[in-house]
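Colleague: I have just started reading protein models and would love some company. Could you take my questions one at a time?

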Amino acid sequence: MKSLAELEEIRKKTLEQMSLRKTNNGMRVVVGMATCGIAAGARPVMTAFIEELNKRNLRDVTVTMTGCIGVCKLEPIVEVIDVDGNKTTYVKMTPEKVARVVAEHIVNGRVCLDYTIGEAEK
Amino acid sequence: MRDLSLHLMDIVQNSISAKADKIYISLTADKQADILIMIIADNGEGIEENFLKNITSPFTTTRKTRRVGMGISLLKASSNMAEGDLKIYSKKSEGTTLEASFKISHIDRLPLGDLAETMVTLIMANPDMEFELDLSNKKDCFKFKTIEVKEQIKDIPITQYEVLNWIREYINSGIKIIFGGVLNEILS
């Protein structure tokens, strides 16, 4: 059984790392988590974002959830909002697609056009 | 919904929309009585009495974008499918409690699913809310409270990856101890 005392160890380690971190990227990832999103598989998508961001040590990107975005047939839907407030809406997301969105959009600033709502609604 | 953890996640969204900041979740599996009870209680703004009457109807919803709301009706269907029932108690400006029951051995009872992942995702997205999780099999019980974690980690945010990982493992070990062999999908 794990104990709460282990958290003290995690706390110490994290404090050391925190002082090494720089620049505030400040991008936001918002996952649609209403009934429609959850049923379509939004939870694994959100988990994939957390995993992928951690793998690349992108600690300043926040991942949050929201209610129904309004296009239930295209769920799971993810919005990526950059520092200037520009919003990109990705639809029919999967954990596999997440890896590419993180690498191309969040790291390199190139929107993955083929996953966006504009492309899906054509 | 494929499993109970997804239903749970969905129902908690209602509590979040009701501006709750404390959410209590309890799962009690009584193997002898062959019943699993899931309770979700919040301190949100509560539900109006006349709205509560038809709350399990898919055409009852508070949202403005359309006239359907599937969350509670889907959970009721899943519960009824396994000879269980769903009840909601609510008092305006005090909070809401939802209780869903399931016959454990029923062939149509949904499996528990990844409960730890549901908790971690909810905590990650709502770091300022307090969550409490109780698991019980009538003999033993397991308790998890975000407030205790926060007291322990002090200045580190609960959304820190390592902390979330610890929470996931902690809850998973609780599930194994409490529900192992009690719910047939979880090995002891």
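Colleague: Which residue of β4(B) stands opposite B:Y89?

Modeller: Bear in mind that this is a predicted model. β3(B) and β4(B) run antiparallel and are joined by 6 bridges. One bridge pairs B:L86 with B:A100. Opposite B:Y89 in β4(B) you will find B:T97.

Colleague: Which residue takes a positive phi in the hairpin of β3(B) and β4(B)?

Modeller: Look at the turn of the hairpin, where 3 residues sit between the strands. The residue with a positive phi, near 60°, is B:S93.

Colleague: Which strands of chain B stand at the edges of the sheet?

Modeller: Start with the strand order in this open sheet of 6 strands, which is β3-β4-β2-β1-β5-β6 with mixed pairing. An edge strand has a single partner, so one of its sides is left without a neighbour in the sheet. The strands that fit this are β3 (86-91) and β6 (141-145) of chain B.

Colleague: How many degrees does the twist average from one strand to the next?

Modeller: Here we step through the open sheet of chain B, in the order β3-β4-β2-β1-β5-β6. From one strand to the next, the twist averages 10°.

Colleague: At about what angle does α6(B) run to β6(B)?

Modeller: Two helices that lie across strands of chain B are worth a look together. α1(B) lies across β1 (22-30), β2 (35-42) and β4, and runs at about 25° to β2(B). α6(B) lies across β1, β5 and β6 of chain B. Its angle to β6(B) is about 160°.

Colleague: How far apart are the axes of α4(B) and α6(B)?

Modeller: Two packed helices are described by the angle between their axes and the distance between the axes. For α4(B) and α6(B), the angle is about 150°, and the crossing is right-handed. Their axes are 9 Å apart.

Colleague: How many nonpolar residues are in the contact of α4(B) with α6(B)?

Modeller: On the α4(B) side, the residues in the contact include B:M119, B:V120 and B:I123, while α6(B) contributes B:L164 and B:I167 among others. The contact also has 1 polar and 2 charged residues. The nonpolar residues number 10.

Colleague: How many of the residues of helix α4 of chain B are buried?

Modeller: Elements of both chains help to cover the buried residues of this helix: α3 and β2 of chain A are among them, along with α1, β5, α5 and α6 of chain B. The buried residues include B:L115, B:M119 and B:A125. Helix α4 of chain B is largely enclosed by the rest of the structure, because the buried count out of 11 residues is 10.

Colleague: Which element gives the most residues to the largest nonpolar core?

Modeller: In soluble globular proteins, nonpolar side chains tend to be buried together. The largest nonpolar core here has 78 residues, and A:V31, A:V78, B:M119 and B:I167 have the most contacts inside it. B:I167 touches B:M119, B:V120, B:I123 and B:V149, leaving out residues up to four places away in sequence. The element that gives the most to this core, with 9 residues, is α6(B).

Colleague: Is A:M65 buried or exposed?

Modeller: A:M65 is found in strand β2 of chain A. Beyond its neighbours within four places in sequence, A:M65 is in contact with A:V31, A:M33, A:M46 and B:A125. A residue needs 20 or more C-beta neighbours within 10 Å to count as buried. A:M65 has 23, so it is buried.

Colleague: What separates the C-alpha atoms of A:M65 and A:V30?

Modeller: These two residues are 35 residues apart along the chain. In chain A, residues 24 or more positions apart account for 66% of the contacts with a separation of 6 or more. The C-alpha atoms of A:M65 and A:V30 are separated by 5.2 Å.

Colleague: Which element gives the largest share of the side of chain A that touches chain B?

Modeller: In total, 26 residues of chain A are in contact with 29 residues of chain B. Elements giving two or more residues to the chain A side are α1 (6-18), α2 (35-40), α3 (42-55) and β2 (62-66). By class, that side has 14 nonpolar, 7 polar and 5 charged residues. The largest share, 7 residues, comes from α1(A).

Key. Residues are numbered from 1 along each chain as its sequence is written. Chains are lettered from A and ligands numbered from 1 in the order in which they are written. This is a predicted model: local features need pLDDT of at least 70, side-chain atom pairs count only at pLDDT 80 or more; totals for chains, interfaces and linings use all residues. Two residues are in contact if their C-beta atoms, placed from the backbone, lie within 7 Å. Helices (H or I, at least four residues) and strands (E, at least two) are DSSP runs, numbered from the N terminus. Ala, Val, Leu, Ile, Met, Phe, Trp, Tyr, Cys and Pro count as nonpolar, Asp, Glu, Lys and Arg as charged, and the others, Gly among them, as polar. A residue is buried if 20 or more other C-beta atoms lie within 10 Å of its own, exposed if 12 or fewer, and partly exposed in between; C-beta atoms are placed from the backbone. A nonpolar core is a set of buried Ala, Val, Leu, Ile, Met, Phe, Trp, Tyr and Cys residues joined through C-beta atoms within 7 Å. Two strands pair if DSSP finds at least two bridges between them. Axes are lines fitted to C-alpha atoms, for helices over the stretch in contact, and angles run from 0 to 180 degrees between N-to-C directions. A crossing is left-handed if the near helix is turned anticlockwise from the far one by less than a right angle, and right-handed if clockwise.
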